[in-house]
Amino acid sequence: MSPHLPCPPLPALHPPFRGEEGERHPQKSPLSPRKGGWRAGREGVGGVRGRAGAAVLACALLALAACRPEAEIPDDPPPLPVKIEKAARAPFQPTLVLLGVVRPAKEAEVVLPSAGRLRYPERFRNGLSSGVQVQAGEVLARLVNTDTESGVAEAKLRLAAATSDLARYQKAFDSGVVPAATLATYKAEADLAAQRLEAARQKKGTLELRSPVAGWLLVERQLPPDGEVQAGAVLARVAAGGPPRVEARAAAGDRGRLHPALRVRFVLSGTPGAAGRGVIREISPMLETGGTAPIVAAVTEGAGLPAPGEGVEVHVELDARPDAITVPEEALVISEGGSALFVVEGGTARRRAVTTGGRADGRIEVVSGLAAGDKVVVNGAALLTDGARVEAVEDAAKAKTEKGR
């Protein structure tokens, strides 16, 4: 910083005014007051002496500016306060979280036998929905088919006509007008019309859709009331009894860490604790189109599981690591170049690329790139750049305490 300059005495803003004879007139100046304003001297404001006065004024202003102290600019910015943790090896139980769906042990489909319009009983007046328990033989919906309705109506009309003809010829036979053979013919036609009506009614009865087994409804596509449906459409599936299973999918990079017999916990999102427990039974050796591998977990404890067809988190307990280095998840910095940590070396933060493994309880395993004893920035890493000066907040507080003793 430059030293402060002493302020010189200020020169007079107006030099002594000299008249035509060279006499000094200290009481006069180029501008003299007069009634109604100021008047200029003989030289005038724009004269030579006026310009000399302006120059003297500029020098005075420069002298004043030189007296002002300069702002002090620090050479280096202060170190950033961060929280650090010394890396150490310890036993670690990593966990892999997958998304799964609860599936029943057995299920039966209810398929529409023909096209028509759906009508639901009072219990399902707004349509079928998943998770509702039903009994075996319970009516789930009725399919109104115009062909079967017209068939029943036509059969009723034919029966009415045949019955009327039979009654008329019965009277004629009783009067001896027609022979017994003619009466037998009309009686046969009336019996045939009655059989046709019964067949039409039975055909209509097959359009009453019932649950084949007792269980829970699984509805993937809800069909609205009074909506037109096509033959072969699935009205619903019914989950039968028995322990359910949970189907999930794992990324291709995680499949190598999974194997049968690993224990799992089933967790509902936003609900503390486990809704159930189980064990992995199957891992598909083939990847699906999306690059995932199907996983099947058997349920051993499932009192808190949701209804079949609903989602659940699958927390897989991977093989325990007896000697692992872990850091808090917030210490990890993820960018296009991959995962990294900031390690403090002599008061300077150095960015270091790392390879991570499993996670559990807010910590993540560091497989490579970090050694035991390294000081890792665990709070404030997102604000750092490589080479930034840092100061551990614990060290600063400790130094302040020791200084006060």
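**View 1. Gln133 and its partner across the strands.** Let's start with one pair: the bridge partner of Gln133 is Trp216, which sits in strand 13. This is a predicted model, so keep that in mind for every view here. Strand 13 covers residues 215-218, and two bridges join strand 10 to it. The two strands run antiparallel. Zoom out a little and you'll find four strands forming an open sheet in the order 8-15-13-10, with antiparallel pairing. The edge strands are strand 8 (107-111) and strand 10 (133-134), and each of these pairs on one side only.

**View 2. Another four-strand sheet, with Arg117 facing Val144.** Here the order of the strands is 12-11-9-14, and once again we have an open sheet with antiparallel pairing. Its edges are strand 12 (208-210) and strand 14 (228-229), each with pairing on one side only. Now look at strand 9 (residues 116-119) and strand 11 (residues 139-144): three bridges join them, and they run antiparallel. Want a spot to focus on? Try Arg117, which stands opposite Val144 in strand 11.

**View 3. Phe266 between two neighbouring strands.** Strand 17 (residues 263-267) is joined by four bridges to strand 18 (residues 276-283), and these two run antiparallel. Strand 17 also has four bridges to strand 20 (residues 311-317), again running antiparallel. Phe266 is a handy residue to follow here. It stands opposite Gly276 in strand 18, and its bridge partner in strand 20 is Val314.

**View 4. Thr326 and the residues it touches.** Find strand 21 (residues 321-328) and pick out Thr326, which lies in it. Is Thr326 buried or exposed? It's buried: its relative accessible area is 12%, and the cut-off for buried is under 20%. So which residues does Thr326 touch, if you skip those up to four places away in sequence? Glu85, Ala88 and Phe92 are on the list, and so are Arg363, Ile364 and Glu365.

**View 5. Asp226, a loop residue with a positive phi.** Here's a backbone angle to look at. Most residues other than glycine have a negative phi. Asp226 isn't a glycine, yet its phi is positive, at about 60 degrees. You'll find Asp226 in the loop between strand 13 and strand 14. With a relative accessible area of 48%, Asp226 counts as partly exposed.

**View 6. Asp361, another positive phi in a loop.** Asp361 also has a positive phi although it is not a glycine, this time of about 55 degrees. Where does Asp361 sit? Look in the loop between strand 25 (355-360) and strand 26 (363-368). Asp361 is exposed, and its relative accessible area is 82%.

**View 7. Tyr169 and Tyr186, an aromatic pair.** The structure holds one aromatic pair. The centres of the Tyr169 and Tyr186 rings are 3.9 Å apart and their planes are at 15 degrees, so the pair is stacked. The pair links distant parts of the chain, with the two residues 17 apart: Tyr169 belongs to helix 2 (residues 146-174) and Tyr186 to helix 3 (residues 180-205). As for Tyr169, its relative accessible area is 22%, which makes it partly exposed.

How values were computed
Residues are numbered from 1 along each chain as its sequence is written. This is a predicted model: local features need pLDDT of at least 70, side-chain atom pairs count only at pLDDT 80 or more; totals for chains, interfaces and linings use all residues. Side-chain values use heavy atoms; hydrogens and water are left out. Two strands pair if DSSP finds at least two bridges between them. Buried means under 20% relative accessible area, exposed over 50%, partly exposed in between (1.4 Å probe, protein chains only). Contact means heavy atoms within 4.5 Å. Rings of Phe, Tyr and Trp (its six-membered ring) pair if their centres lie within 6.5 Å; planes under 30 degrees apart count as stacked, over 60 as edge-to-face and the rest as tilted.
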